[in-house]
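Me: I have a model open and would like to learn how to read its core and its strand pairing. Could you take me through both?

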Amino acid sequence: MKSRAPSILSGDLVLTGSIVSEGEVQLDGTVDGDIRAGSLIIGEEAVVTGEVYAETVVIRGKVSGSVRARQVQLASTARIEGDIVHAALSVESGAFFDGHCRHSTDPLAEKSAPSAAAAPNAPKMDNRPPSPPSSKPASIEPPLAASKSGA
């Protein structure tokens, strides 16, 4: 396989949308969307709002969303707000992580649960039993607006 140069997204870049790459991506800007890459480095000033999905990921900046990778490294400057599914995880002292962490032998092969953000108009299933009938009358008139008398 031919060696490729990494894709570098600089600090002044603001991207709305998803990134897909089989190679290495170095992100120093802001991404509002999902990132799928072979290898991903999220710089100290970088901000990602979306799902991160990679073979290996080094996080030095902020991620708001889930992370799925075989190897995950959280640097001391990392700030993660979301779940991590990993085969190998290392966390430096000082890293901030708010979410659930789960080991998986193959985190990239697992199907992730559909998120509400992915399908905002999808109907939500309600598994509760129906509530008993109400004893209130079937139709209730709305209260009339207060009017001034003295015409």
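Reply: What follows covers provenance, then one residue, then the core, then the strands. This is a predicted model, where local features need pLDDT of at least 70, side-chain atom pairs count only at pLDDT 80 or more, and totals for chains, interfaces and linings use all residues. Residues are numbered from 1 along each chain as its sequence is written, and side-chain values use heavy atoms, with hydrogens and water left out.

Me: Is Leu 40 buried or exposed?

Reply: Buried means under 20% relative accessible area, exposed over 50%, partly exposed in between (1.4 Å probe, protein chains only). Leu 40 has 1%, so it is buried. It lies in strand β6 (residues 35–42); strands are DSSP runs of E, at least two residues, numbered from the N terminus.

Me: Which residues does Leu 40 touch?

Reply: Contact means heavy atoms within 4.5 Å. Not counting residues up to four places away in sequence, Leu 40 touches Val 25, Ile 35, Val 52, Ala 54, Thr 56, Val 57 and Val 58.

Me: Which residues of the largest nonpolar core touch the most other members?

Reply: A nonpolar core is a set of buried Ala, Val, Leu, Ile, Met, Phe, Trp, Tyr and Cys residues joined through side-chain atoms within 4.5 Å. Of the 23 residues here, those are Leu 40, Ile 42, Val 52, Val 57, Ile 59, Val 63 and Val 67. Two or more residues come from each of β4 (24–27), β6, β8 (52–59) and β10.

Me: How many bridges join β10 to β12?

Reply: Two strands pair if DSSP finds at least two bridges between them. Seven join β10 (residues 67–74) to β12 (residues 84–91), which run parallel, and Gln 71 stands opposite Ala 88 in β12.

How values were computed:
Helix = DSSP H or I, 4+ residues; strand = E, 2+ residues; numbered from the N terminus.
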